[in-house]
Amino acid sequence: MGELAARIVSFRNDRLAGLVRFAGLFALAFVVFAIVLLAFGKNPLRAYADIFSNTLGSAYGFSEVLVKMIPLVLTAVAVAVPSRIWLINVGGEGQLFIGAMFATWGALNFSTLPIWTLLPLISALGFLGGGLWAAISGILRAKGLVSETISTLLLNYVAILLVNFLVFGPWKDPESANYPQTAPFVEAATLPAFGGTRVHMGVVFAIAALILFYFVISRTRWGLEMRAIGGNAEAARRNGIPITKYIVLLMFIGGGVAGLAGMSEVSAVQGMLRPSLSPGYGFAGFLISWMAGGNPLGIVAAAFLLAIVTAGGDILQMAHKIPGAVVHILMALILFVVLARGSRRTGGK
Amino acid sequence: MRIKISSIELKLLAILASLALVLGISLPEANAQPKLKVGILHIGSVTDAGYNQAHAEGAQVMKKNLPNVEVISVENVPEGADAERVMENMAKQGAKLIIPASFGYLDPALKVAKKYPDVKFVHPGGYKRAPNLGTYWASTPEAFYLMGIAAGRTTKTNKMGYVVALPISFFLGNINAFHLGVQSVNPKAETRVVFTGTFLDPGKEATAANALLDQGVDVLGVIVDSPITVVQAAEKRGAYSIGYHYIGAQKFAPKGWISGIAFTWGELYTRFAMQVMDGTWKSEALLGNLASDYLTIAPFSSAVPADAVKLVNAAKQDFISGKKHVFAGPIKDNKGVERVKAGEVWPLENLGKMGWLVEGVIGQPN
Amino acid sequence: MIGSFLAGLLAGSIHAGTPLLYATLGEAVEERAGIINLGLEGVMLMGAVVGFITTVQTGSAAVGVLAAALAGGLFNMIFGFLVITRRANQLASGLALMFCGVGLSALLGASYIGSRIHGLNEIRIPFLSGLPVIGPTFFNYDILVYLVVPISVFIWWVFFRTRWGLSLRAVGENPTAAFAAGKNPHRLQYQALFIAGILGGIAGAHLSLALAKTWAEWMTAGRGFIAVALVIFSKWHPLRAIAGALLFGGAISLQLQLQARGVPVSSFLLDMLPYILSLAVLAAWGGRRRHAAPASLGRVFQGTE
């Protein structure tokens with residue numbers, strides 16, 4: 001009995017220790033950034049106060065952080081799912097674009113359907129598009145031909161170019177001054193938002209993805225098999241676990257989630273397909289999943305942090321006249337600090 | 001519970017924190033209450049010697065003219081949700097006039113305008129309006145026509161080239177106007193267009209410029225965010241060049257410079273601000289022309305023959321007085337389709353619908 | 001007609017391919033040592049901006065190139081510290097390096113945009129440059145273009161004919177075994193990263209000092225990532241990288257050349273070719289051991305590193 005209690009206590013302490021360590025790391029990054037601000041002759045305290053009030057200090061600010069978090073959480077899950085069996089998915093960007101592309105095709109060609117049919121349709125298309133794109137890499141890896149790290153990386157560019165081709169050519173809106181964008185989505189194809197905010201139904205996707213991810217990994221037989229593969233692939237195979245099937249399946253699912261991110265961006269946020277669909281959400285998702293060790297709660301925390309930094313960048317420029325490039329430096333600093341302190345493997349258990 | 005923070009790290013952290021605290025509190029902050037806050041969003045960086053810088057400098061001139069105006073500016077704002085968020089932030093900060101300075105900001109701006117009816121928006125190059133969102137642009141085709149006259153008279157090979165970002169209607173209209181101007185003095189000349197596919201990529205622009213020069217082009221024009229690369233490429237190979245956006249581009253081509261078109265938004269922005277301050281602003285689709293003070297033609301260099309300059313000035317007067325129209329029919333496009341009938345005119349307000357290139361222009365509007 | 005087209009295309013490929021080749025060589029050196037650097041983009045940008053600033057200040061493009069090389073090497077040391085000493089995840093560290101490079105270069109270069117430099121000028125070789133077709137196509141470039149092929153050969157020679165290269169490749173295959181054999185894997189990897197940084201810095205300098213002769217934020221526009229793909233395409237071999245760089249550079253310049261000639265072409269579909277080709281080549285050679293990545297690198301891809 002005492003042993004069990006001791007186990008629980010030490011487990012909780014480890015978790016707490018981990019959290020404190022993480023908090024310390026972020027604090028260090030923010031202190032370093034404060035020094036950078038000082039070097040510019042800016043007031044770091046006021047800057048941080050403004051960032052805080054702009055992001056967490058108001059309902060509007062908080063809602064904007066949520067809006068930013070939606071694609072980040074989705075692309076992070078897209079990386080976390082395959083990482084359970086040590087697959088490295090750096091193709092979130094491409095999968096996002098293809099998902100958006102499939103969703104756009106649906107929105108443009110079925111625009112007369114009612115919202116109850118059209119929205120689920122294009123959501124499914126988004127998932128399918130991203131999933132298929134990632135499955136290509138999955139199959140190449142399952143057959144032992146090409147590492148998925150490389151193929152997902154290369155396919156990113158192909159995906160972006162494909163969307164560019166469509167948007168500059170066959171899908172270009174004839175009403176928009178020849179500008180490379182599709183016609184705007186109809187009402188029925190637009191993911192609705194809550195209240196007066198811009199937080200849209202994509203948040204449902206994000207939460208569902210997180211919950212399903214956690215549930216499947218820890219509570220189902222499939223999760224058990226995945227953990228077995230992740231622990232010792234050879235032993236798992238000898239025990240009859242179909243590794244190749246899992247490789248393709250997990251890549252498909254991961255890509256599908258990224259595809260949902262693309263679908264929600266194009267439907268709820270942009271309202272049309274454009275080359276500037278994503279400012280690098282796919283890569284950000286990789287970093288988030290990695291920082292979080294593939295852990296669902298960690299993903300939320302890291303996405304939260306990244307969303308605050310990005311939103312904070314606006315107020316830094318507006319109120320403090322700090323050049324926009326500095327936000328990139330802050331992100332890099334946070335990452336450096338996390339990277340330098342620990343060698344955490346992608347995935348975790 | 002063992003958390004490993006060494007005592008050295010702890011001390012360092014403490015020192016840094018207190019330093020930040022002390023310095024933070026001691027630094028003063030400005031405190032004046034401006035009468036009008038103006039927000040401006042840029043798609044790129046304001047030091048690009050091109051599109052963004054022109055807008056930023058306009059805002060600076062406005063600020064100089066009206067000392068009680070404060071400018072809130074944000075660079076590198078991607079189109080879409082980020083643009084909306086930034087504009088809302090500006091509105092929340094008390095901005096009463098917002099300038100979303102990029103074509104792709106139109107839809108985000110319309111969304112924010114609906115939410116904040118008491119904030120006025122002015123969008124450059126837009127084609128949709130709202131009660132509190134007006135558009136403005138300087139109609140450039142006439143200016144490009146003038147450039148065409150000068151170029152047509154200065155060229156030795158009768159081959160012109162244009163490096164252009166994207167085949168959007170406004171740019172196509174500019175190229176068409178340029179070519180029509182060239183043809184009016186030099187019927188044999190041709191114009192070739194290469195699209196780089198992006199608003200700013202100096203590597204591609206250099207390659208495109210060289211590809212055109214390889215074809216024997218000896219007058220190179222440019223429509224991308226920053227004219228520097230193309231103008232320099234022309235200068236290096238002894239070709240003539242025509243600048244765009246940034247009036248200072250001439251220094252990059254001391255020998256080959258013909259002229260250039262620049263936007264000088266300062267006085268216009270000043271007028272906008274004054275109108276907002278005294279309540280007389282109303283939403284309109286403002287389209288400037290050669291007579292406006294926000295469209296400037298750079299001085300001609302000595303390479304341009306004197307009679308060409310005379311022709312240019314005459315044409316300029318005719319445009320301003322309305323005697324002359326750029327797109328006066330008959331005009332065929334480069335696939336042979338008639339676009340403007342004889343006796344008719346394609347009005348400049350409809351530039352947004354121009355999806356074709358004029359006969360004699362070698363290129364693909366895709 | 002065809003002749004001048006090919007000549008123009010080749011010239012364009014060489015011009016556009018040179019920075020790609022330098023970057024690819026740098027990445028190849030790193031990856032041979034078992035380290036993949038996704039942040040090459042950031043290294044190139046630092047080289048481009050430092051080279052440009054130095055040239056503006058000193059008036060000499062040669063000094064600019066040297067400064068760019070040094071800046072690239074030093075910048076890559078940050079990456080080295082993270083992945084070698086702290087054994088951090090290489091992919092994440094690379095992306096972090098990229099962000100840092102983008103932001104830092106934008107900051108440093110902000111006040112230099114619009115500055116005018118003379119840059120690296122073409123060098124005319126007395127007799128050869130005057131030859132009818134061959135002259136302008138092969139002998140009308142700046143010094144960095146002329147040097148890139150000899151440097152590629154030099155790196156090939158270092159990899160496969162020197163003890164240092166052998167040790168490097170050993171580290172790339174199996175650092176533990178190399179260590180047991182008396183090599184110092186960490187030191188070798190740091191050296192490799194420094195060299196890679198130098199090459200990446202030079203690649204950036206070529207963009208800002210020779211090709212475009214200007215500085216703009218993020219002017220590498222993804223070329224650093226293309227280089228990572230190129231290394232894979234050329235199977236980590238410096239000589240094959242030359243062909244790869246020509247191909248990729250050719251793809252960039254081909255569609256612009258075709259446009260200038262009035263040929264209807266979709267630039268995007270053409271641009272896709274290099275990536276699809278890379279994938280196809282890799283898939284075709286996939287199972288064969290001879291064409292596999294350095295084993296240690298492979299472990300990064302397996303996620304066990």
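Colleague: How do you know that helix α12 of chain A is close to its expected reach?

Modeller: Set the value against the rule. The expected span is 1.5 Å times one less than the number of residues. Helix α12(A), residues 296-320, has 25 residues, with 36 Å expected. From first C-alpha to last, α12(A) reaches 35 Å, so the two values are close. This is a predicted model: local features need pLDDT of at least 70 and side-chain atom pairs 80 or more, while totals for chains, interfaces and linings use all residues. Residues count from 1 along each chain as written, chains are lettered from A and ligands numbered from 1 in written order, and side-chain values use heavy atoms, without hydrogens and water.

Colleague: Why is α12(A) called largely enclosed?

Modeller: Buried means under 20% relative accessible area; exposed is over 50%, partly exposed in between (1.4 Å probe, protein chains only). In α12(A), 18 of the 25 residues are buried, so the rest of the structure largely encloses this helix.

Colleague: What makes A:Asn295 a cap of α12(A)?

Modeller: A side-chain oxygen of A:Asn295 lies 2.9 Å from the backbone nitrogen of A:Leu297, at the N-terminal end of the helix. A polar contact is a pair of N or O atoms within 3.5 Å; within protein one must be able to donate a hydrogen and the other to accept it, and residues adjacent in sequence count only through two side-chain atoms. After the helix comes A:Lys321, with a positive phi near 55°.

Colleague: What counts as a helix or a strand in chain B?

Modeller: Both are DSSP runs numbered from the N terminus: helices are H or I, at least four residues, and strands are E, at least two. Chain B has ten helices and 15 strands. Of its 366 residues, 59% are buried.

Colleague: How do you know that β1 and β2 of chain B pair?

Modeller: Two strands pair if DSSP finds at least two bridges between them. Strands β1(B), residues 36-42, and β2(B), residues 69-74, share six bridges, in the parallel sense. B:Leu41 faces B:Val74 in β2(B). Between the two strands the chain passes through helix α2(B), residues 51-65, in a right-handed β-α-β crossover. Right-handed means that, with the strands pointing away from the viewer, the path from the first strand over the helix to the second runs clockwise. Strand β1(B) also runs parallel to β3(B), residues 95-101, again through six bridges. There B:Leu41 stands opposite B:Pro100.

Colleague: What makes β12 and β15 of chain B edge strands?

Modeller: Their sheet is open, with seven strands in the order β12-β10-β9-β8-β6-β7-β15 and mixed pairing. Strands β12(B) (295-297) and β15(B) (361-362) each have a single partner, so one side of each lacks a neighbour in the sheet.

Colleague: Why is B:Gln232 called buried?

Modeller: Its relative accessibility is 9%. That is under the 20% limit, so buried is the right word. B:Gln232 sits in helix α8 of chain B.

Colleague: What does B:Gln232 contact, leaving aside its neighbours within four places in sequence?

Modeller: Contact means heavy atoms within 4.5 Å. The list holds B:Phe252, C:Arg116, C:Ile117, C:Ala212, C:Lys213 and C:Thr214. The side chain of B:Gln232 also reaches the backbone oxygen of C:Ala212 at 3.2 Å. That distance falls within the 3.5 Å limit for a polar contact.
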